[in-house]
Amino acid sequence: MFKHVEYTPEGVCTEKISFDIVDGYVHHVHFTGGCSGNTKGVAILAEGQNAQDLARRLKGIPCRGANSCPHHFALAIEQALQECAEE
């Protein structure tokens, strides 16, 4: 299974999140915009992680209320996994 994702979050500083899911694992994460140190850190820590586990850990992390770049990354992962399951 391979899926490339280009996700546009709303209500956060990050303008776009792109990544690949390969056989259930996250690779090549890139945030466009956002807090550079934080998004680079999340991207590095996410590399090679199990997609389901990563989404579970990132979902609900707050920054602006209940919203954040990591939370949107989790939503993007969940959406991608759902699309893969439907294919």
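In this predicted model, the largest pocket is lined by 13 residues. Those lying nearest the centre of this pocket are Cys35, Asn38, Cys63, Cys69 and Pro70. The volume of the largest pocket is about 200 Å³. In composition, the lining divides into 8 nonpolar residues, 4 polar residues and 1 charged residue. Two helices, helix 1 (36–46) and helix 3, each supply at least two residues of this lining. The greatest contribution comes from helix 1, which gives 3 residues.

Helix 3, formed by residues 69–86, also links the description of the pocket to that of the sheet, since this helix lies across strand 1, strand 2 and strand 3. Relative to strand 2, helix 3 runs at about 40°.

The sheet itself is open and consists of 3 strands in the order 1-2-3, with antiparallel pairing. Its edges are formed by strand 1 (2–7) and strand 3 (25–33), each of which pairs on one side only. On average, neighbouring strands of this sheet are turned by 10° against each other, with direction ignored. In general, the strands of a sheet pair through backbone hydrogen bonds, in either a parallel or an antiparallel manner.

The pairing of strand 2 (residues 14–22) with strand 3 comprises 7 bridges, and these two strands run antiparallel. Within this pairing, Ile17 stands opposite Phe31 of strand 3. Strand 3 is thus described both as an edge strand of the sheet and as one of the strands across which helix 3 lies.

How values were computed: Residues numbered from 1 in each chain as written. Predicted model: local features only at pLDDT ≥ 70, side-chain atom pairs only at ≥ 80, totals over all residues. Heavy atoms only, no water. Pairing = 2+ DSSP bridges. Helix = DSSP H or I, 4+ residues; strand = E, 2+ residues; numbered from the N terminus. Axes fitted to C-alpha atoms, helices over the stretch in contact; angles between N-to-C directions. Contact = heavy atoms within 4.5 Å. 1 Å grid on protein atoms, 1.4 Å probe; cavity = no way out; pocket = protein on both sides within 12 Å on 5 of 7 lines; lining within 4 Å. Points joined across faces, edges and corners; volume = space filled by probe spheres on them. Nonpolar A, V, L, I, M, F, W, Y, C, P; charged D, E, K, R; others polar.
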